[in-house]
Amino acid sequence: MKSQKLPINPVDVFVAPMLNLPTWGVKKGHGSFLTFEFGEPKLVVVESRLADGKFRRDVHVHGDWHLWIYCCNWRIFQLDEQIAWSESEDRLIEKAAAKLNGQKLTFVAVEPQRGSSVFTFDLGGKLETWPYGDDPTDKQWMFYGLNKVLEYRADGKFSLNRADAQADYEG
């Protein structure tokens with residue numbers, strides 16, 4: 001399937017259903033990755049066959065929407081005070097993630113020329129992202145929902161993919 005140019009700002013359309021929903025399950029993942037859940041919780045069951053022929057089953061709780069802050073620099077503010085950034089110690093990152101837990105996402109803005117973005121929350125939380133700088137195709141963040149994934153890259157470009165396929169749109 002050939003990629004098509006996105007006709008509209010994907011953030012406005014894709015993120016709209018998450019606005020004014022409280023975050024939950026906000027946590028630090030591997031390294032400085034952050035994850036956020038939105039909407040109703042549901043169990044996700046993934047079964048796989050291991051190299052030795054045995055089966056494995058992993059079960060996770062995810063929301064209707066899932067945000068993964070991935071390969072980028074970021075910083076978290078609470079009431080305009082920076083409380084952690086992607087290079088902070090693990091305990092500071094965990095505390096900052098806990099401050100965002102329960103806050104409602106109110107706005108997402110991107111600046112494609114710089115490859116940066118800002119997530120604003122209702123109780124004074126703010127998350128800013130910007131590229132590492134070494135690879136323009138690094139995925140900074142991904143929003144999962146409605147069997148789609150909206151990806152935002154370091155070069156300020158988006159792709160909208162089916163959860164199980166290649167890009168439907170790029171722009």
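**Exercise 1. Where is V61 placed, and is it buried or exposed?**

Keep in mind that you're working with a predicted model.

*Step 1.* Find the residue: V61 sits in strand β5.

*Step 2.* Look at its relative accessible area, which is 46% for V61.

*Step 3.* Now compare with the cut-offs: buried means under 20%, exposed means over 50%, and partly exposed is in between. So V61 counts as partly exposed, because its value is 46%.

**Exercise 2. Work out which surface patch V61 belongs to, and which elements supply the patch.**

*Step 1.* List the members: V61 joins L43, V45 and V59 in a nonpolar patch on the surface.

*Step 2.* Add the area: together these residues have about 360 Å² of accessible area.

*Step 3.* Check the elements: β4 (42-49) and β5 (55-62) each give two or more residues to this patch.

**Exercise 3. Lay out the sheet that contains β7, then place helix α2 on it.**

*Step 1.* Write down the strand order: β8-β7-β11-β10-β9, an open sheet of 5 strands with antiparallel pairing.

*Step 2.* Mark the edges: β8 (81-85) and β9 (105-111) each pair on one side only.

*Step 3.* Add the twist: neighbouring strands here are turned by 20° against each other on average, if you ignore direction.

*Step 4.* Zoom in on one pair: β7 (residues 73-78) is joined to β8 by 4 bridges, and F77 stands opposite Q82 in β8. In general, strands of a sheet pair through backbone hydrogen bonds.

*Step 5.* Place the helix: α2 (residues 90-100) lies across β7, β8, β10 (116-121) and β11 (125-130). Its direction is at about 125° to β8.

Methods
Residues numbered from 1 in each chain as written. Predicted model: local features only at pLDDT ≥ 70, side-chain atom pairs only at ≥ 80, totals over all residues. Heavy atoms only, no water. Pairing = 2+ DSSP bridges. Axes fitted to C-alpha atoms, helices over the stretch in contact; angles between N-to-C directions. Contact = heavy atoms within 4.5 Å. Patch = residues over 30% accessible without salt bridge, like charges linked within 9 Å, V, L, I, M, F, W, Y side chains within 5 Å. Areas by Shrake-Rupley, 256 points an atom, 1.4 Å probe, with all protein chains shown as cover. Salt bridge = Lys/Arg side-chain N within 4 Å of Asp/Glu carboxyl O. Buried < 20%, exposed > 50% of the residue type's maximum accessible area, 1.4 Å probe, protein only.
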